[in-house]
Amino acid sequence: MSILSLHNITKSFGGNAILRGVSLEAGEGEFIALVGPSGCGKSTLLRIVAGLDHADSGEIVIGGRAVSAVAAADRNVAMVFQSYALYPHLTAGQNIAVPLAMRRLTAAQRLPFIGNLMSGQRQIRADIQRQVREMATSLKIDHLLDRKPGQMSGGQRQRVALARAMVRRPSVFLMDEPLSNLDANLRIHARGEIVELHRRAGVPTLYVTHDQSEALSMADRVAVMIGGNLLQLASPQEIYDDPAHIEVARFLGQPRINVMETRMDASGTVRFGALTLAADCVSPRETPVLIGVRPEFVRLGARADGILRARIERTEFLGSEVIVHARLDAIGEAIVAKVGPAQAATLVVGMPVSVDIEPDRAMLFAVTGERLRAKTVNVASAREKARG
Amino acid sequence: MTAHSITIGRILRFCLLSLGALLFLAPYIFMISTAGKAQSEIFSSSLSLVPEQWSYVENFVKALSRVSMPTLLLNGVIVCALIFLAQVVVAIPCAYSMAKLKFRAARFMMVLVMLGLLVPIHATALPLYVAFDRLAVLNSYAALVAPFSISVFAIFLFLQFFRAIPDDLIHAARLDGMSEVGIVARVVVPNAWPAITAFAIFSVVAHWNDLFWPLVVVTNQNYATPPLGLLYFRAAEAGDDYGALMAATLIITLPLIAAFLIAQKRFVEGITMTGLKG
């Protein structure tokens with residue numbers, strides 16, 4: 001059952017379309033990462049879900065209730081901000097207590113001085129204190145409760161922000177790049193912690209990030225947004241191995257996927273050097289198409305019978321692997337390959353190499369970006385044919 | 001060698017600054033001196049800074065006995081406090097809504113605030129006077145306070161300060177369940193103390209020292225503010241008793257000087273934080 005569902009959300013600012021009809025469903029306890037380049041609308045979408053911004057059209061349903069017209073405070077969503085947005089004048093403990101106090105105490109009970117005289121507030125306040133302490137203990141920040149945000153490190157502030165968001169058990173959890181202000185080591189560590197907290201709380205989470213490795217490593221499903229469109233929503237593996245759009249393929253993966261332009265004839269056959277692919281569609285005439293191959297599926301070798309020939313231009317040593325930049329002789333385009341250090345030792349800049357592509361790993365895209373399904377023709381037989 | 005030249009430069013700068021300070025302080029110093037002189041010495045042809053005969057006690061006794069100094073000071077405190085309170089209560093929600101809420105008239109209102117900054121009290125004095133007269137509220141605290149209760153300067157100053165408050169903080173407060181009023185009271189004001197302190201100094205100094213408006217609306221001595229009281233003192237009681245007059249002036253300037261010295265650190269902080277340093 002889906003806890004959060006978005007139907008066809010659109011939003012534009014001053015004539016610029018920021019969101020062009022985004023739909024999404026999050027199930028119980030699901031962790032969805034919204035990933036995309038900056039300006040793709042992912043943060044705007046999050047703000048719309050939170051109720052901090054209004055969609056031009058579309059529907060938001062949280063826990064079976066349409067909330068498009070409901071104020072942010074009444075949607076029962078919690079959010080962790082990139083800047084943490086802790087109240088600078090309150091201690092960590094008071095910060096965490098705010099959402100509880102706002103919900104449990106009446107307006108009169110919250111009044112300074114007079115509120116202390118109201119009946120029943122003492123019991124509620126004690127209860128809130130107990131919960132704050134429990135939350136802080138589970139996040140290992142109980143020793144920081146009396147400190148103000150200005151006296152804490154980035155990592156500590158981030159935990160306090162998490163605690164403030166989690167303490168009131170929201171029905172949806174929103175996170176807007178909560179790790180981007182941490183240093184690299186802490187960020188990797190915090191990833192694991194957030195995933196663990198998410199598992200324990202079991203609350204559906206929308207996690208906005210521009211960092212693809214964060215998205216792929218943390219999420220149950222990844223939603224790739226580009227230019228205001230949600231291009232694909234799938235598991236990390238599916239989205240990496242089987243992208244539905246060239247932009248998705250380009251955005252995910254480091255180094256970036258190799259994209260080469262070629263043509264498809266009327267029968268749906270695509271030739272790329274000695275590689276021949278049969279597309280699952282037919283077109284009335286010859287059309288340009290794009291072939292995408294991830295660098296790890298590009299093989300370089302000294303053999304003369306690869307599908308293409310290239311010359312090595314540059315290598316980047318990354319420890320466990322080496323990135324090789326080469327230029328294809330035939331079309332003058334660059335191709336990037338990921339090879340092991342052992343093989344890389346045999347490669348010298350300027351050396352001619354043969355390039356092979358793992359045939360079932362080559363992906364076809366229309367020039368507009370949509371994925372074309374390909375039935376790969378055996379490369380060897382294609383090669384034979386080329387020779388014959 | 002360099003150390004030597006720096007010392008000379010330093011001495012020069014120090015001298016220049018001291019000279020400037022002395023120049024600005026000269027009238028006040030002369031006032032302190034005159035407050036301690038006897039009538040005959042003030043009108044003598046020689047000019048000395050240190051009184052020949054110390055008549056401080058005499059002059060202060062005169063100043064305190066001839067006018068009701070406590071009433072003047074109390075009026076000053078009441079009027080300044082009411083004005084400041086009203087200004088803050090009006091300006092903070094105004095500035096918050098213009099800085100952080102999106103609505104169509106925001107730009108137009110901003111223009112109005114800017115225009116408001118350009119209109120001096122002297123331009124509106126006459127219509128206000130006529131209106132207060134019709135309402136029969138001349139000679140009251142209301143007449144002294146009401147025209148200043150909405151300060152466009154305060155709105156402008158707080159607006160600049162609030163714009164620097166991160167939007168995320170406001171968003172977090174909304175998600176935590178606060179109403180807009182709650183956000184102003186619980187998040188904005190506690191973080192705006194430097195701006196409020198800076199504005200307090202501007203406001204209190206201006207209205208404590210204001211002579212123009214009290215002169216227009218107050219003829220009853222019971223509502224006289226300190227500068228107006230001095231005027232009465234000079235006209236009616238002291239005549240040409242400048243020693244006593246200076247003593248009285250000294251008394252009414254003391255609260256402000258004391259307040260500034262106490263709040264000096266916060267004041268400088270507030271000015272630098274609001275970006276008014278220019």
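**Confidence, packing and contacts in a predicted two-chain model**

Chain B averages a pLDDT of 86, and 93% of the residues in chain B score at least 70; pLDDT is the predictor's confidence in each residue, from 0 to 100. Chain A averages a pLDDT of 87, with 95% of the residues scoring at least 70. The model as a whole scores ipTM 0.82 and pTM 0.81. This is a predicted model, in which local features need pLDDT of at least 70 and side-chain atom pairs count only at pLDDT 80 or more, while totals for chains, interfaces and linings use all residues. Residues are numbered from 1 along each chain as its sequence is written, and chains are lettered from A and ligands numbered from 1 in the order in which they are written.

Chain A comes next. The chain holds 11 helices and 22 strands; here helices (H or I, at least four residues) and strands (E, at least two) are DSSP runs, numbered from the N terminus. The C-alpha atoms of chain A fill a box of roughly 95 × 45 × 35 Å along the principal axes. Of the 388 residues in chain A, 40% are buried. A residue is called buried if 20 or more other C-beta atoms lie within 10 Å of its own, exposed if 12 or fewer, and partly exposed in between, with C-beta atoms placed from the backbone. Among the contacts in chain A with a separation of 6 or more, 65% join residues 24 or more positions apart; two residues are in contact if their C-beta atoms, placed from the backbone, lie within 7 Å. Confidence varies along the chain: among its elements, strand β3 (residues 31–35) has the highest mean pLDDT (95) and helix α11 (residues 379–387) the lowest (48).

Helix α5 of chain A (residues 154–166) makes a good worked example. Its 13 residues should span 18 Å at 1.5 Å a residue, and the end C-alpha atoms are indeed 18 Å apart; the expected span is 1.5 Å times one less than the number of residues. The helix is mostly covered, with 10 of its 13 residues buried. Among these buried residues are Arg157(A), Arg159(A), Val160(A), Leu162(A) and Met166(A). The buried residues of α5(A) pack against β6 (77–80), α2 (92–104), α4 (121–138), β7 (172–176) and α6 (184–201) of chain A.

Some loops of chain A hold backbone surprises. Most residues other than glycine have a negative phi, and most peptide bonds are trans. Ala85(A), in the loop between β6 and α2 of chain A, has a positive phi near 50°. This alanine counts as buried because it has 26 C-beta neighbours inside 10 Å. Glu177(A), in the loop between β7 and α6 of chain A, also has a positive phi, of about 45°. With 19 other C-beta atoms within 10 Å, Glu177(A) is partly exposed. The peptide bond from Gln254(A) to Pro255(A) is cis, with omega near -5°, and Pro255(A) sits in the loop between α9 (246–251) and β11 (258–264) of chain A.

Chain B is divided into domain 1 (1–66 + 243–257) and domain 2 (68–236), with bounds that come from an automatic or database domain assignment. Taken over C-alpha atoms, the centres of these two domains are 33 Å apart. Their contact takes 10 residues from domain 1 of chain B and 9 residues from domain 2 of chain B. On the domain 1 side, α3 (56–66) and α14 (242–273) of chain B each supply at least two residues, and α14(B) gives the most, with 7 residues. By class, this side has 8 nonpolar, 1 polar and 1 charged residues. Ala, Val, Leu, Ile, Met, Phe, Trp, Tyr, Cys and Pro count as nonpolar, Asp, Glu, Lys and Arg as charged, and the others, Gly among them, as polar.

The largest nonpolar core has 172 residues, of which Leu34(A), Leu174(A), Ala95(B) and Phe158(B) touch the most other members. Such a core is a set of buried Ala, Val, Leu, Ile, Met, Phe, Trp, Tyr and Cys residues joined through C-beta atoms within 7 Å. Helix α4 (residues 69–100) of chain B gives the most to this core, with 12 residues. Not counting residues up to four places away in sequence, Ala95(B) touches Ile155(B), Phe158(B), Leu159(B) and Phe162(B). These four partners are among the buried residues of α8(B).

Finally, the contact between the chains takes 13 residues from chain B and 17 residues from chain A. Helix α9 (residues 167–175) of chain B gives the most to the chain B side, with 6 residues.
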